[in-house]
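The following note records points on the structure for discussion. Please read each point alongside the sequence and the coordinates.

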Amino acid sequence: MRRKLAAGNWKMNGTGAALSELEALSASYPTSPVEILICPPATLLHRASATVKDSGLTVGGQDCHAAVSGAHTGDLSAQMLLDAGANAVILGHSERREDHGEQNDDIRAKARTAMDAGLKAIICVGESLEQREAANTLDIIGGQMSGSIPDQATGENLIVAYEPIWAIGTGKVPTLEEIGEVHDFIRARLERRFGEGVGRSVRLLYGGSVKPGNAAEIFAVSNVDGALVGGASLKAEDFSGIIRALENA
């Protein structure tokens with residue numbers, strides 16, 4: 001049985017004052033049947049880890065370097081994230097692919113290092129609006145999966161997040177049928193590559209304008225095991241609505 005996951009990506013938002021939202025969330029969820037993960041900016045990671053201690057929440061990073069250590073000014077290694085209290089890291093988000101030119105090979109190398117360090121790698125895949133309109137979505141997703149997911153992936157260390165680029169922060173959401181088509185495709189590709197056992201154990205998240213008002217219907221879609229949430233994870237009240245929908249799914 002795959003444990004459902006509500007993951008919040010704070011992106012480049014939040015200073016120490018934002019930890020009050022995390023405190024409120026921790027108080028609301030001392031335990032939960034679903035996994036609740038918050039990925040704050042790196043500057044907050046250690047304090048966030050202390051804030052959620054003894055609650056039902058865990059914390060993760062938003063990126064890591066492929067190298068274990070070295071002359072990489074401004075970068076963070078997987079071991080550093082782990083040391084700061086993280087148990088997961090988001091990799092290959094479309095904003096990293098676009099803003100920093102990350103390619104599938106880069107993401108695969110980062111994921112390999114993260115998994116070796118003991119972190120769960122949340123690998124993001126997704127198509128642009130142009131690719132969607134050209135009916136290339138599944139080809140794009142398949143290529144990103146093949147190139148970005150390392151061979152040592154298991155149901156314990158890999159989570160795949162489908163985030164259509166055109167739906168991130170825009171308020172636009174694919175139809176439930178479109179979400180289901182992609183998630184079923186991802187599941188089938190994982191089973192084909194890693195075998196039925198591993199393929200069925202990897203959790204698949206949907207991301208892209210998920211809100212309390214649409215979460216329940218998204219979580220009812222085939223092979224949707226949770227969500228990777230951006231803006232709606234910044235406020236405890238908003239994220240709680242999504243968590244509750246997932247608990248009831």
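1. Lys120 and Glu35 are both buried. In this predicted model, their side chains meet in a salt bridge with an N to O distance of 3.0 Å. The pair links distant parts of the chain, with Lys120 in strand β5 (residues 120-125) and Glu35 in strand β2 (residues 35-39), 85 residues apart. In the whole structure, the search finds 16 salt bridges.

2. A second pair to inspect is Glu178 and Arg132, a salt bridge whose closest N and O atoms are 3.9 Å apart. This pair also links distant parts of the chain: Glu178 belongs to helix α8 (residues 176-194) and Arg132 to helix α6 (residues 129-133), 46 residues apart. Glu178 has 24% relative accessibility and therefore counts as partly exposed, whereas Arg132, at 16%, counts as buried.

3. Salt bridges also form a network that links Asp63, Arg96, Glu102 and Lys110. Within this network, the side chains of Glu102 and Arg96 meet at 3.1 Å, N to O. Glu102 is buried, its relative accessible area being 7%, while Arg96 counts as partly exposed because its relative accessibility is 22%.

4. Lys110 is a residue of helix α5. Is Lys110 buried or exposed? Its relative accessibility is 10%, so Lys110 counts as buried, the cut-off being under 20%. Apart from neighbours within four places in sequence, Lys110 is in contact with Asp63, Cys64, His65, Ala66, Leu91, Arg96 and Glu102.

5. The geometry of helix α5 (residues 104-117) can be checked against its length. At 1.5 Å a residue, its 14 residues should span 20 Å, and the end C-alpha atoms are 20 Å apart, so the two values agree. The buried residues of α5 are Ile107, Arg108, Lys110, Ala111, Thr113, Ala114, Met115 and Ala117. After α5 comes Gly118, with a positive phi near 100°.

6. Two residues other than glycine deserve a check of their backbone angles. Most residues other than glycine have a negative phi. Asp54, however, has a positive phi of about 70°, and is placed in the loop between α2 (45-51) and β3 (57-61). Since its relative accessibility is 72%, Asp54 counts as exposed. Ser209 has a positive phi of about 60° and lies in the loop between β7 (203-206) and α10 (212-219). Unlike Asp54, which counts as exposed, Ser209 is buried, with a relative accessible area of 11%.

7. The largest pocket has a volume of about 560 Å³. Of its 22 lining residues, Lys11, Met12, Gln62, Asp63 and Arg96 are the closest to the centre. Helix α4 (residues 94-99) supplies the largest share of this lining, three residues. By class, the lining comprises nine nonpolar, seven polar and six charged residues. Asp63 and Arg96 also belong to the salt-bridge network of point 3.

8. The second largest pocket has a volume of about 220 Å³. It is lined by 18 residues, and Gly169, Ser209, Gly230, Gly231 and Ala232 lie nearest its centre. Its lining has seven nonpolar, eight polar and three charged residues. Ser209 is thus to be examined both here and for its positive phi.

9. How many cavities of 30 Å³ or more are found in the whole structure? The search finds one. The largest cavity holds about 30 Å³ of space and is lined by Ser94, Cys124, Val125, Gly126, Glu163 and Ile165. By class, these are three nonpolar, two polar and one charged residues.

Definitions and conventions
Residues are numbered from 1 along each chain as its sequence is written. This is a predicted model: local features need pLDDT of at least 70, side-chain atom pairs count only at pLDDT 80 or more; totals for chains, interfaces and linings use all residues. Side-chain values use heavy atoms; hydrogens and water are left out. Helices (H or I, at least four residues) and strands (E, at least two) are DSSP runs, numbered from the N terminus. The expected span of a helix is 1.5 Å times one less than its number of residues. Buried means under 20% relative accessible area, exposed over 50%, partly exposed in between (1.4 Å probe, protein chains only). On a 1 Å grid over the protein atoms alone, a cavity is a set of points where a 1.4 Å probe fits but cannot get out, and a pocket is an open set with protein on both sides within 12 Å along at least five of seven lines; lining residues have an atom within 4 Å of a point. Grid points are joined across faces, edges and corners, and a volume is the space filled by probe spheres set on the points. Ala, Val, Leu, Ile, Met, Phe, Trp, Tyr, Cys and Pro count as nonpolar, Asp, Glu, Lys and Arg as charged, and the others, Gly among them, as polar. Contact means heavy atoms within 4.5 Å. A salt bridge is a side-chain nitrogen of Lys or Arg within 4 Å of a carboxyl oxygen of Asp or Glu.
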